[in-house]
Amino acid sequence: MKNTINDAFDIELPSFYIDTLINYPFPQSDDPDRIEGELVKDLDWLIKTNRKLREDDFCYQDHWPNHFFAIGFDGFGNYYFINLSQQDTSIYSRP
């Protein structure tokens, strides 16, 4: 998966993201900051969604920034993504 995505977008997926997918779904938790939506492991969804976000106007912006990489959604139009320009392990949410 990593090589296919890296080739499709000329990006390097961080190891924390690969490790997160390996351990997903997460065990039950009462942590209020925990992500409750869906992270996606499907390679086709990841490629198609990220291409579409980059090509189409996005939320009053010209495009989805190339350093954002969508990795899931909450079912209400909000995407979970990682910021490839940051060296953190955060998973962000954006409408």
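## A walk through the fold

The protein has three helices and four strands. What you're looking at is a predicted model, so treat everything below as a reading of computed coordinates. Starting from the N terminus, the elements come in the order α-α-β-α-β-β-β. Of the 95 residues, 34% count as buried. The protein exposes about 6,300 Å², and carbon and sulfur atoms supply 47% of that. As for how the chain folds back on itself, take the contacts between residues at least 6 apart in sequence: 42% of them join residues at least 24 apart.

Let's begin with the strands. S2 (68-73) pairs with strand S1 (residues 38-39) in the antiparallel sense, over two bridges. One handle on that pairing is Glu 38, whose bridge partner in S2 is Phe 73. S2 also pairs with S3, again in the antiparallel sense, this time over five bridges. Here Phe 68 stands opposite Asn 83 in S3. Five of the six residues of S2 are buried, so this strand is largely enclosed by the rest of the structure.

Now follow the chain out of S2 and round the turn. The hairpin of S2 and S3 has five residues between the strands, and Gly 75 takes a positive phi near 90° there. Gly 77 also sits in the loop between strand S2 (68-73) and strand S3 (79-83). Gly 77 counts as exposed because its relative accessibility is 52%, with the cut-off for that label being over 50%. If you want a landmark for Gly 77, try Arg 94: the two are 17 residues apart along the chain, and their C-alpha atoms are separated by 8.7 Å.

Next, the inside. The largest nonpolar core holds 16 residues, and Ile 5, Leu 13, Tyr 17, Phe 69, Ile 71 and Ile 82 touch the most other members. Helix H1 (2-9), helix H2 (15-22), H3, S2 and S3 each give two or more residues to this core. H2 provides the largest share, three residues. Tyr 17 is a good place to centre your view: leaving aside residues up to four places away in sequence, Tyr 17 touches Val 40, Leu 46, Ile 71 and Ile 82. Apart from this core lies another, of five residues, among them Leu 53, Phe 68, Ala 70 and Phe 81.

While you're in this region, have a look at Thr 20, which is found in helix H2. Thr 20 counts as buried because its relative accessibility is 15%, and the label applies under 20%. What does its side chain have for polar company? A polar atom of the Thr 20 side chain lies 2.7 Å from the backbone oxygen of Phe 16.

That leaves helix H3 (residues 43-55). Its 13 residues reach 18 Å from the first C-alpha to the last, close to the 18 Å expected at 1.5 Å a residue. At the start of H3, a side-chain oxygen of Asp 42 comes to within 3.3 Å of the backbone nitrogen of Asp 44. The buried residues of H3 are Leu 46, Ile 47, Thr 49, Asn 50, Leu 53 and Arg 54. To read that pattern, recall that an α-helix has 3.6 residues a turn, so residues three or four places apart point the same way. Two names on the buried list have already come up: Leu 46 is among the residues that Tyr 17 touches, and Leu 53 belongs to the core of five residues.

Notes
Residues are numbered from 1 along each chain as its sequence is written. This is a predicted model: local features need pLDDT of at least 70, side-chain atom pairs count only at pLDDT 80 or more; totals for chains, interfaces and linings use all residues. Side-chain values use heavy atoms; hydrogens and water are left out. The expected span of a helix is 1.5 Å times one less than its number of residues. Buried means under 20% relative accessible area, exposed over 50%, partly exposed in between (1.4 Å probe, protein chains only). A polar contact is a pair of N or O atoms within 3.5 Å; within protein, one must be able to donate a hydrogen and the other to accept it, and residues adjacent in sequence count only if both atoms are side-chain atoms. Contact means heavy atoms within 4.5 Å. Accessible areas come from the Shrake-Rupley method with a 1.4 Å probe; for residues, only the protein chains shown count as cover. A nonpolar core is a set of buried Ala, Val, Leu, Ile, Met, Phe, Trp, Tyr and Cys residues joined through side-chain atoms within 4.5 Å. Two strands pair if DSSP finds at least two bridges between them.
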